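Please open the model in a viewer and keep the sequence panel visible. The tour below proceeds by selection, with a short account of what is found at each stop.

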Amino acid sequence: MLGSALIARLSARDPIAIDRRDGPDIGDRDAMRLLLTGCGVLVHLAAIHPLVASLNTDYDAENVVPFGALLDVAQAAGIRRVILASSTSVWRDAPTGMPCRFIDEAVPPDGDGGYSRSKLACEELLRASGIAHVVFRLARFARDGDPADAVRLLYRAVRPVAAAD
């Protein structure tokens, strides 16, 4: 959903899209080298999220290891900037009985789940890479009119806005 909207917005720049579901493995260094050669910017949106993961998901193996391999190839290919989608899941939810928790950039990440730790590890790999970068932490988002997202709509008590809007 987010990737499709971004590709549509970047279409005039001839973006190269890699989809984890049906594209090459981002941990395949040779395949990534071929795709990244000549690119200046890498936008990384992929991750295995708890909403689609199995109970036994190894988030380090699914999210961190492939991203680390991708960063190695990006450095070798001369990528000038990386834009990484992270998550507000790097922070814990509000304590039980509290309606909300106010968080800004000054609050240190304290998420302790596997997914949270994997997002923080990816952020740290990116910082350590020396490549110019931007990290943005997305909150959950939903698709307007998609019944599968009804629970997330209730959870956030928001009216969704399409990713492309």
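## The whole chain

Read from its beginning, the protein chain follows the pattern α-α-β-α-β-α-β-α. The model is a predicted one. With the entire chain selected and coloured by secondary structure, five helices and three strands can be counted. Of the 165 residues of the protein chain, 25% count as buried. Switching to a surface display shows an accessible surface of about 10500 Å², of which 55% belongs to carbon and sulfur atoms. Among contacts in the protein chain with a separation of 6 or more, 65% are accounted for by residues 24 or more positions apart.

## Stop 1: the loop between α1 and α2

Select D14, which is placed in the loop between α1 (2–9) and α2. Its phi is near 55°, a positive value in a residue other than glycine. Is the residue D14 buried or exposed? At 64% relative accessibility, where exposed means over 50%, D14 counts as exposed.

## Stop 2: helix α3

Next, select residues 59–77, the 19 residues of helix α3. What should the span of this helix be at 1.5 Å a residue? The expected value is 27 Å, and the end C-alpha atoms are 26 Å apart, which agrees.

At the N-terminal end of α3, display the side chain of D58. This residue caps the helix: a side-chain oxygen of D58 lies 3.1 Å from the backbone nitrogen of D60. Just after α3, select G78, which takes a positive phi of about 80°.

Now colour the helix by burial. The buried residues of α3 include Y59, N63, V64, P66, F67 and G68; A69, L70, L71, V73 and A74 are also buried. An α-helix has 3.6 residues a turn, so residues three or four places apart point the same way. To find the packing partners of the buried residues of α3, add α2 (29–36), β1 (41–44), β2 (81–87) and α4 (114–129) to the selection.

## Stop 3: strand β2 and its neighbours

Keep β2 and hide the helices. Five of the seven residues of β2 are buried, so this strand is largely enclosed by the rest of the structure.

Which strands pair with β2? With β1, the pairing is in the parallel sense and extends over four bridges. To view one position in this pairing, select L42, which stands opposite V82 in β2. Restoring α3 to the display completes a right-handed β-α-β unit made by β1, α3 and β2.

Strand β3 (residues 132–138) also runs parallel to β2, and seven bridges join the two. Two bridge partners in β3 may be selected here: A132 for R81, and V134 for I83. From β2 the chain crosses through α4 to β3, and this β-α-β crossover is right-handed.

## Stop 4: S86

Finish at S86, a residue of strand β2. Why does S86 count as buried? Its relative accessibility is 4%, and buried means under 20%.

Which residues does S86 touch, not counting residues up to four places away in sequence? Select K119 and E123 together with V135, F136, R137 and L138 to display these contacts. Of the elements visited earlier, α4 covers residues 114–129 and β3 covers residues 132–138, which may be kept in the display for this final view.

Terms used. Residues are numbered from 1 along each chain as its sequence is written. This is a predicted model: local features need pLDDT of at least 70, side-chain atom pairs count only at pLDDT 80 or more; totals for chains, interfaces and linings use all residues. Side-chain values use heavy atoms; hydrogens and water are left out. The expected span of a helix is 1.5 Å times one less than its number of residues. Buried means under 20% relative accessible area, exposed over 50%, partly exposed in between (1.4 Å probe, protein chains only). Contact means heavy atoms within 4.5 Å. A polar contact is a pair of N or O atoms within 3.5 Å; within protein, one must be able to donate a hydrogen and the other to accept it, and residues adjacent in sequence count only if both atoms are side-chain atoms. Two strands pair if DSSP finds at least two bridges between them. A crossover is right-handed if, with the strands pointing away from the viewer, the path from the first strand over the helix to the second runs clockwise. Accessible areas come from the Shrake-Rupley method with a 1.4 Å probe; for residues, only the protein chains shown count as cover.
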